[in-house]
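Trainee: I would like to learn how to read a model like this one, feature by feature. Could we go through it together?

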Amino acid sequence: MNTTNCGKPSIVVRQTDHARLTSLALAAPGRDLDVAEELLIELERADVVEDDQFPPDAVAVGSTVSYRTEGGARRSVTLCYPGLADIERSMVSVLTPIGAALLGLSPGQQIEWSGRDGQSHMLTVLDVTAGVPSTPA
């Protein structure tokens, strides 16, 4: 598994997602500031590629990703913009701790992330299905 010098796995982000998500994070309202900062850190360390060079098995906005938690539970969610988030439909905003952590990962990669409660969690990406990102709300 490739990792960066900060111990996190290498990630890749589409150029258009990078621009949109940077703007989103910079405009985040008060309660989302901590997550916005984490998203900006992820975007800063990402390998940004042209949209047509983006690997189909990497997590992007619109992707459906299956992952395993440190406790062995398997989950599947679709990464989306905040206005489209709906936990009952497994639509997870990129402006949540787990959403920011999933961005850019590929199958087999693991990442440690902190929940809103400050607790540390670990997940392993199992599968990614490319999707079409909806327009940010």
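Trainee: Let me start with one residue: does Y81 count as buried or exposed?

Mentor: The general idea is a cut-off on relative accessible area: buried means under 20%, exposed over 50%, and partly exposed in between, with a 1.4 Å probe and protein chains only. Y81 has 2% relative accessibility, so Y81 counts as buried. Before we go on, keep in mind that this is a predicted model, in which local features need pLDDT of at least 70 and side-chain atom pairs count only at pLDDT 80 or more, while totals for chains, interfaces and linings use all residues. Residues are numbered from 1 along each chain as its sequence is written, and side-chain values use heavy atoms, with hydrogens and water left out.

Trainee: Thanks! Where does Y81 lie?

Mentor: Y81 lies in the loop between strand 4 and strand 5. Helices (H or I, at least four residues) and strands (E, at least two) are DSSP runs, numbered from the N terminus. In space, the C-alpha atoms of Y81 and I11 are 19 Å apart, with their positions 70 residues apart in sequence.

Trainee: How many helices and strands are there in the protein chain?

Mentor: The protein chain has 3 helices and 7 strands. Read from the N terminus, their order is β-α-α-β-β-β-β-α-β-β.

Trainee: How do helix 1 and helix 2 cross?

Mentor: Here one fits axes, as lines, to C-alpha atoms, for helices over the stretch in contact; angles run from 0 to 180 degrees between N-to-C directions. The axes of helix 1 (residues 15–26) and helix 2 (residues 33–45) come within 9 Å, crossing at roughly 150 degrees. That makes helix 1 roughly antiparallel to helix 2, as angles over 145 degrees count as roughly antiparallel, under 35 as roughly parallel, 65 to 115 as roughly perpendicular and the rest as oblique.

Trainee: Which residues make the contact?

Mentor: Contact means heavy atoms within 4.5 Å. Helix 1 contributes H18, L21, T22, A25 and L26, and helix 2 contributes A36, L39, L40 and L43. By class, this contact has 7 nonpolar, 2 polar and no charged residues. For the classes, Ala, Val, Leu, Ile, Met, Phe, Trp, Tyr, Cys and Pro count as nonpolar, Asp, Glu, Lys and Arg as charged, and the others, Gly among them, as polar.

Trainee: Is L26 buried or exposed?

Mentor: L26 counts as exposed, because its relative accessibility is 63%. The C-alpha atoms of L26 and L43 are separated by 12 Å, and the two residues are 17 apart along the chain.

Trainee: What about backbone angles: what is phi of S90 near?

Mentor: As background, most residues other than glycine have a negative phi. Phi of S90 is near 60 degrees, a positive value in a residue other than glycine. S90 sits in the loop between strand 4 (74–80) and strand 5 (91–93), and is partly exposed at 28% relative accessible area.

Trainee: Which residues does S106 touch?

Mentor: Leaving out residues up to four places away in sequence, S106 touches D57, A58 and V125. S106 lies in the loop between helix 3 (97–102) and strand 6 (110–114), and its 18% relative accessibility counts as buried.

Trainee: Finally, what radius of gyration does the protein chain have?

Mentor: The radius of gyration is taken over C-alpha atoms, and the globule rule is 2.2 Å times the number of residues to the power 0.38. With 137 residues, a compact globule would have a value near 14 Å, and the protein chain agrees at 14 Å. Its C-alpha trace spans about 35 × 35 × 35 Å along the principal axes, and buried residues make up 42% of the 137 residues.
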